[in-house]
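Let's walk through this model together, strand by strand and helix by helix. Keep the viewer open as you read, and pause wherever you would like to check a residue for yourself.

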Amino acid sequence: NSTTAELAADQLAAVTHHEGAARIIAPAGSGKTRVLTERARHLLRQWGLPPSAVCLVAFNKRAQEEMAERTPDLRGLQIRTLNALALAIINGSKPFASRPARLATIDEMDVRKLIGSLVSFPRKRNADPVATWIEALSMARLGLRSPADVEAIYNGDVDGFAEVFPKYRAALARAGQVDYDEQIHLAIELLLANPGVREAAQRACRVLLVDEFQDLTPAHLLLVRLLAGP
């Protein structure tokens, strides 16, 4: 369990950790990404884990690209954002369990059109009521809050949200589409409800190295826990 990487003592302790789950706490600029990628290199080269068993989870696309630039020698290593991970699960991309249909991801403009087809907004100058509904949809799905609670929190700004929320999700399903938050929410539902999907996902994510863990929403955290279980 040794490494030749030129790292500080505390960084080496993180790279060579061998006793189950660990949370590494460090400030900005302290080399967290270097530690994360060296950990992956250590697991593959020193421990002999197959690349298909290790997944680096990046906070965003830019971080994903940086990790890839640091690991060109680790062929087959999975490096995904949480949304890419969720989308691979719901679409059944390898190495995850196959699915009967693939879902297309829509952008904010399409989300706005869909909300507009379900909600009637009063005309107000210098106001963007759709943005509030987008925030509420995010709070319900990424915050794992009940639609009724979300509607109450917004105190009249999203009247009828509890009724519209399932209609919005149903409209996405009928169209074979997901938005970015729905990727996470739907992946969680599949992992909870389908043992085959869950088993394949856990096998593909036997070791998860998660970047920027402190910024995960409740839904992101649940997704990680389901993938890391049992």
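Strand β1 (residues 54-58) pairs with strand β5 (residues 207-210) in the parallel sense, over four bridges. If you want a place to zoom in on this pairing, take C55, which stands opposite L208 in β5. Please keep in mind that everything you see here is a predicted model.

β1 has another partner as well: β1 and β2 also pair in the parallel sense, again over four bridges. Two residue pairs help you to line these strands up. L56 stands opposite I79 in β2, and the bridge partner of A58 in β2 is T81.

Are the residues of β1 buried or exposed? Five of its five residues are buried, so the strand is mostly covered, with buried meaning under 20% relative accessible area. Both faces share in this: V54, L56 and A58 point one way from β1, while C55 and V57 point the other way, and all are buried.

The same kind of alternation can be followed in strand β2 (residues 78-81). Here Q78 and R80 point one way and I79 and T81 the other, and all of them are buried. Notice that polar side chains can be read off this list too, so it is a nice spot to inspect by eye.What connects β1 and β2? Together with helix α3 (residues 61-70), the two strands make a right-handed β-α-β unit.

Now let's turn to helix α8 (residues 161-175). Why do its end C-alpha atoms lie 21 Å apart? At 1.5 Å a residue, the 15 residues of α8 should span 21 Å, and the distance between the end C-alpha atoms agrees with that.

Which residues of α8 are buried? They are F161, V164, F165, Y168, R169, A171 and L172. These residues cover an arc of only 155° around the axis, and therefore they sit on the same side of α8. On the other side of the helix, E163, A173 and R174 are exposed.

What covers the buried residues of α8? The cover includes the helices α5 (108-118), α6 (129-142), α7 (147-153) and α9 (180-193), along with strand β4 (177-178). Just after α8 comes G176, which takes a positive phi of about 65°.

One of the elements in that cover, α9, is home to H185. With a relative accessible area of 14%, H185 is buried, because that value is under the 20% cut-off. Leaving aside residues up to four places away in sequence, H185 touches R141 and R169, and R169 is one of the buried residues of α8. You may also like to look from H185 to H220: they are 35 residues apart in sequence, and their C-alpha atoms are 8.9 Å apart in space.

A few backbone details in the loops deserve a visit. The loop between α4 (82-91) and β3 (104-105) holds P95, and the peptide bond from K94 to P95 is cis, with omega near 10°.

In the loop between α6 and α7 you will find L144. L144 has a positive phi of about 55°, although it is not a glycine. At 39% relative accessibility, L144 counts as partly exposed.

The loop between α7 and α8 offers another example, N155. Phi of N155 is near 50°, a positive value in a residue other than glycine. At 67% relative accessibility, N155 counts as exposed, because exposed means over 50%.

Let's finally step back to the whole chain. How many helices and strands are there? The protein chain has eleven helices and five strands. Its C-alpha trace spans about 65 × 40 × 30 Å along the principal axes, and of its 230 residues, 40% count as buried. The accessible surface of the chain comes to about 12900 Å², of which 51% belongs to carbon and sulfur atoms.

For contacts, take those in the protein chain with a separation of 6 or more: residues 24 or more positions apart account for 61% of them. The contact partners of H185, R141 and R169, give you a place to start exploring in the viewer.

Notes. Residues numbered from 1 in each chain as written. Predicted model: local features only at pLDDT ≥ 70, side-chain atom pairs only at ≥ 80, totals over all residues. Heavy atoms only, no water. Buried < 20%, exposed > 50% of the residue type's maximum accessible area, 1.4 Å probe, protein only. Pairing = 2+ DSSP bridges. Right-handed = clockwise from strand over helix to strand, strands pointing away. Expected span 1.5 Å × (residues − 1). Arc of directions from axis to C-beta. Contact = heavy atoms within 4.5 Å. Areas by Shrake-Rupley, 256 points an atom, 1.4 Å probe, with all protein chains shown as cover.
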